[in-house]
Amino acid sequence: MPSESPSLFILNICQHKFFFSNLLKGANSNTNSPAEEILNKKHPHMASLQASNFLASSSSPSKQIHAAISVPKLPSIRFSVPKVPTKSLSVELNTRDGFINTIPFQKNVTGNGIPPVQESSSASMATVQLYAILESVIDRVEMHNNVGQQRENWNALLLNSINMITLTAATMAGVTATGSAGISVLGLKLASTLLFSAATGMLVMMNKIQPSQLVEEQRNATRLFKQLQGQIETLLAIGSPSKEEVKDAMEKVLALDKAYPLPLLGVMLEKFPESLEPAVWWPKTQSQKTNKQKHSNGKVESNGWTEELELEMRQVVEVIKRKDSEDYERLGNKALKMNKVLAASGPLLTGIAALGSAFMGPSNGPWAAIMAAVAGALASAVNTFEHGGQVGMVFEMYRNNAGFFKLVQESIESTLSESDLGERENGELFEMKVALQLGRSLSQLRDLAKKPSYSCIDGSPIDEFASKLF
């Protein structure tokens, strides 16, 4: 029971009845009642909730109050997931090593999703083979470059070491020849003899292998393998190589390996041949058929070839034979003879110096010591001129230049001897290549082709070389 008096209790009931009656009137009207305003001000959520519950329970069946709670509509948020690019295995393998136009792979999948194992077509197989050859060529470029640097170090180190040994022994022999008192003749005699003997052995070995000539061989091999690499890359860039081109590239690689071997023992090139033989780094051409061409109004029928162009190429070959090849062979033989004399003189002089130092002593007088000192000094000078001046490299340079002119000559002759004009290289393109190889423009090449005719008419020798590069 509440603690208030009955009168206060009745008064509170009346107040609540008045409150709820006003609340019902305000619910049925469109305007807010004072009680609703009070509830909204104090507890807006609680007031609306209590009012809805009360009205639902106390209203008559004929009057229904519908209450709805409006929930704000949330904005739709779209998440954009980036599309992951998918690459096939062939594209991933092709782009891994930096190649753009690479080995094509065929997409052939059966119904069960398993690609069948089939043989590639002839065109794609030729491409794969060319890529394999290209990898070998790139590896050979690196090998010849590294070996060339190593042998260049050999030349410098051996030259300096032998000269220091020779000059030291010559100095000892000179001190002995002075005959100063208090000098141990026996010690100087043994030391100079050993040094001269060591220099003789090292000179024999150095003159046998000719390090400067070995360096020039590796330089030329590196350049020619890079040239072959460019040719193969051009074939791959053009696309659809043939089996004949693959075979030709393989033969070129093997011909270069034979022309410029890497080992020293067994397969090293002869450094002192009887005479200069031009270097040959291309495969041997097959026997050419007789050239039977059809003519029409002074013109060869097709493929950019004319009678005038064929005559021009033959005249260029004549100039190369009579001027360039002959001159380089003559200079190469002179360099070869000089190198032979120097290679024999160095060890001979150090050997004489070793004998002279062995006979040094009071009984033989100063002449043995003088001979040892003079021979040692001359041996040092000869060694410096031979290996410091790189006479072997000069001979190898002439040999390679003679080989270059032989290659140009053979390429022109083999092209002209081809009877099928369709099998020939395009005449205009071939003329441009020959002009570039000789360092001339097309007009200069045509002027050069007129030289043999003028020489035959005037009876004067040809006064111009075919090449402006060498």
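Colleague: How is accessibility read for a single residue, and does Ser240 count as buried or exposed?

Modeller: At 62% relative accessibility, Ser240 counts as exposed; a residue is buried under 20% relative accessible area, exposed over 50%, and partly exposed in between, with a 1.4 Å probe and protein chains only. This is a predicted model, in which local features need pLDDT of at least 70 and side-chain atom pairs count only at pLDDT 80 or more, while totals for chains, interfaces and linings use all residues. Residues are numbered from 1 along each chain as its sequence is written, and side-chain values use heavy atoms, with hydrogens and water left out.

Colleague: Where is the place of Ser240, and what is its phi?

Modeller: Ser240 sits in the loop between H7 and helix H8 (243-259), where helices (H or I, at least four residues) and strands (E, at least two) are DSSP runs, numbered from the N terminus. Although Ser240 is not a glycine, it has a positive phi of about 50°. Gly239, just after H7, also takes a positive phi, of about 95°.

Colleague: Which loop holds Gln210, and is Gln210 buried or exposed?

Modeller: Gln210 belongs to the loop between H6 and H7, and with a relative accessible area of 0% it is buried. Its phi is positive, at about 50°, although Gln210 is not a glycine.

Colleague: How many helices and strands does the protein have, and what share of its residues count as buried?

Modeller: The secondary structure comes to 14 helices and 2 strands, and of the 470 residues, 33% count as buried. To read the fold through its contacts (heavy atoms within 4.5 Å), one may take those between residues at least 6 apart in sequence, of which 80% join residues at least 24 apart.

Colleague: How is the length of a helix checked, and how far apart are the end C-alpha atoms of H7?

Modeller: The expected span of a helix is 1.5 Å times one less than its number of residues. For the 28 residues of H7 (residues 211-238) that should give 40 Å, and the end C-alpha atoms are 41 Å apart, which agrees. Helix H11 (residues 391-416), with 26 residues, reaches 38 Å from its first C-alpha to its last, close to the 38 Å expected. Since 19 of the 26 residues of H11 are buried, this helix is largely enclosed by the rest of the structure.

Colleague: How does one read the packing of two helices, and at what angle do the axes of H6 and H10 cross?

Modeller: Two packed helices are described by the angle between their axes and the distance between the axes. Axes are lines fitted to C-alpha atoms, for helices over the stretch in contact, and angles run from 0 to 180 degrees between N-to-C directions. The axes of H6 (residues 185-209) and H10 (residues 367-388) come within 12 Å and cross at roughly 25°. H6 and H10 are therefore roughly parallel to each other, given that angles under 35 degrees count as roughly parallel, over 145 as roughly antiparallel, 65 to 115 as roughly perpendicular and the rest as oblique. Their crossing is left-handed, which is said if the near helix is turned anticlockwise from the far one by less than a right angle, and right-handed if clockwise.

Colleague: Which residues of H6 and H10 meet?

Modeller: From H6, Phe196, Leu203, Met206 and Asn207 meet Ala372, Gly376, Asn383, Glu386 and His387 of H10.

Colleague: Which residues of H6 can be read one by one, and is Ser192 buried or exposed?

Modeller: Ser192, which lies in H6, has 0% relative accessibility and counts as buried. Leaving aside neighbours within four places in sequence, Ser192 is in contact with Ala169, Met172, Ser357 and Met360. Ala198 is found in H6 as well, and with a relative accessible area of 33% it is partly exposed. The C-alpha atoms of Ala198 and Thr350 are separated by 9.1 Å, although these residues are 152 apart along the chain.

Colleague: Which residues does Thr222 touch?

Modeller: Thr222 is found in H7 and, not counting residues up to four places away in sequence, it touches Val141, His144 and Asn145. At 10% relative accessibility, Thr222 counts as buried.
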